[in-house]
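Subject: Structure for you to look at

Hello,

Here is the structure I said I would pass on. Please open it and keep it in view while you read the notes that follow.

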Amino acid sequence: VAWTFETLKTKGHPSYAIQMRDIVKAEAIDRATVRFTFQGDQIRDLPLIAASLNVLPKALFADRNFEDTTLVPFVGSGPYAIEDHKQGTFVLYKRRVDYWAKDLAVNRGRYNFDELRFESFRDRNSEIEALKSGVMDFREEFTAKDWVTAYEIPAVKDGRMQRLTLPDDRPSGTQGFFINTRREKFADPRVRRALDLAFDYEWTNKNLFYDLYTRTESYFENSDMKAKGKPDAAELALLEPHRAKLPPAVFADVYLPPKTDGSGNDRRTLREAQKLLHEAGWKLDPAAKTGTVVKNDKGQTLDVELLINSPTFERILGPYVRQMQAIGIKASIRIVDSAQYERRVKVYDYDVIVSRFAMSLTPGNELRTYFSSESAASEGSRNLAGVKDPVVDALVETVIAAKSRAEVLTATRALDRVLRANHYWVPHWYKGSHHLAYWNKYDRPPVKAKYGLGVIDTWWYDPAKAATVRAN
């Protein structure tokens, strides 16, 4: 345990070092006791972080470099062990008969499957076809168009395959177009807001998503941590000391993304976006030979490359690119393979990327990896937009130090206001539910856990249902 802590903090992903910076050391007192030492005043979450570390097998790395990649399965202590795998194809887990916690009351009725096989596919269409043909049993659908159109098959109509929608009461996450403010061309918030104005969500939801989604407005969407209206007295107490460093909008009604007329060419929002670009120094070039082009006083064009690693998003990005081009931005889409994408994201080699991360119900130290100045300069962090703001740093530390639910709500709402007012992203959408498609050979508890999907945890195989599916 002590070795795992020291190794992850010094050689692991940078997010470990950021989250565990105030855990000073781990000492093995005896074979059954480890003492962790903390520093500072904001240690509320540190015991849980230390206690929830995945313990790694020290002996496995006795003759190898920890930082080298490997396909050798690690020894673990969970209910399943890796039985077989093929890189980029599948991983097969088998339930352990010697699982140490299988008889604990907390695990009664859980982990009911003897085997779990996860299949990998290069694209979603192949994945759907594998489900339809019976190669796979279960799939969670994340694409609105496919949920509406791809399952119109006899097996669904006669009940052999089920389509199930379950509520998702967790914070819905922060999916959006993250704008890399490490690049000088995005340093001005007016440029970033112009990118927000250029995205026609209403048209996108109606024409591409079958009106299945709701617009994301907050970094803490679908939760009580979301800022609304004007700041209350408690929020103002946190924000007032920083007033000189904050945009005036922080103290007004919280920023909401624009609403268009849904036409796909709302001239009002596009004119507003172009005006913001002009104010930020990006002016229309009257000598442009083709289309609308903006340039700065150095004669540079405003180039915006949207980096993705899957063609799935092209149909969404295409209209967005055309809207940006309409206001003079030289926008383009770049598709790269997964390995190149990971490398570029790790070193922040992009203009704009699509990403999502979900907030916990009680945010803590992980906020440093998303928004702190420290993480903005650390390779591989989740600070995708490069947020580097002393006010944000202070508010993040206030969230981490909160000692009651009321203090958490006040601090997260204040943080939400500041982030939204600075336009670090173009927010996407959410639906607050899970869309599941599966062959009708399973059963599940009548009550779903409020904050979990529970499929692997609590569902079970029903031989009678499976026999009916096979017979038909």
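Strand S3, residues 80-86, and strand S4, residues 90-95, pair in the antiparallel sense over six bridges. Please keep in mind that this is a predicted model. Opposite Lys 86 you will find Phe 90 in S4. Three residues lie between the two strands of this hairpin, and Gly 88 takes a positive phi near 75 degrees there. S4 also pairs with strand S5, residues 115-119, again in the antiparallel sense, over five bridges. In that pairing Lys 94 stands opposite Glu 115 of S5.

What holds such strands together? Strands of a sheet pair through backbone hydrogen bonds, and the pairing can be parallel or antiparallel.

Another hairpin is found at residues with lower numbers. Strand S1 (residues 23-30) pairs with strand S2 (residues 33-38) in the antiparallel sense, over six bridges. Two residues join S1 to S2 in this hairpin. Ile 23 has Phe 38 in S2 as its bridge partner.

Next, the sheet of three strands. The sheet is open, its order is S6-S17-S7, and its pairing is antiparallel. Strand S6 (138-141) and strand S7 (161-167) are the edge strands, each of which pairs on one side only. On average, neighbouring strands of this sheet are turned by 25 degrees against each other, direction ignored. Helix H4, residues 124-132, packs on the sheet and touches S6, S7 and S17. The direction of H4 makes about 140 degrees with that of S6. S6 and strand S17 (residues 433-439) run antiparallel and are joined by four bridges.

Phe 138 is a useful residue to select here. Phe 138 is found in strand S6 and stands opposite Tyr 438 in S17. Is Phe 138 buried, partly exposed or exposed? Its relative accessible area is 27%, so Phe 138 counts as partly exposed. Leaving aside neighbours within four places in sequence, Phe 138 is in contact with Leu 131, Leu 436, Ala 437, Tyr 438, Val 455 and Trp 459. Between the C-alpha atoms of Phe 138 and Ile 308 there are 26 Å, and the two residues are 170 residues apart along the chain.

Now the sheet of five strands. This one is also open, with the order S13-S12-S14-S8-S15 and mixed pairing. Its edge strands are strand S13 (330-335) and strand S15 (425-427), and each of these pairs on one side only. From one strand to the next the twist averages 25 degrees. Within this sheet, strand S12 (residues 303-308) and strand S14 (residues 352-355) pair in the parallel sense over two bridges. Leu 306 stands opposite Val 352 in S14. Helix H12, residues 338-346, lies across S12, S13 and S14 and runs at about 125 degrees to S12.

Two single residues are left to describe.

The first is His 428, in the loop between S15 and strand S16 (429-430). Why is His 428 classed as buried? The relative accessible area of His 428 is 0%, and buried means under 20%, so His 428 meets the cut-off. Leaving aside neighbours within four places in sequence, its contacts are Gln 175, Gly 176, Phe 177, Tyr 201, Arg 215, Thr 216, Phe 313 and Val 354.

The other is Arg 192, which lies in helix H7 (residues 189-197). Which side chain of opposite charge is nearest to Arg 192? That is Asp 188, at 6.6 Å, and Arg 192 is buried yet has no salt bridge. A salt bridge needs the atoms within 4 Å, so Asp 188 at 6.6 Å does not form one with Arg 192. The side chain of Arg 192 does have backbone oxygens beside a polar atom: that of Asn 422 lies 2.7 Å away, and that of His 423 lies 3.0 Å away. Not counting residues up to four places away in sequence, Arg 192 touches Ile 179, Thr 181, Phe 186, Ala 187, Asn 422, His 423 and Tyr 424.

Those are my notes on the structure.

Regards

Note on methods. Residues numbered from 1 in each chain as written. Predicted model: local features only at pLDDT ≥ 70, side-chain atom pairs only at ≥ 80, totals over all residues. Heavy atoms only, no water. Pairing = 2+ DSSP bridges. Axes fitted to C-alpha atoms, helices over the stretch in contact; angles between N-to-C directions. Contact = heavy atoms within 4.5 Å. Buried < 20%, exposed > 50% of the residue type's maximum accessible area, 1.4 Å probe, protein only. Lys, Arg positive; Asp, Glu negative; His and termini not counted. Polar contact = N/O pair within 3.5 Å; in protein donor to acceptor, adjacent residues only side chain to side chain.
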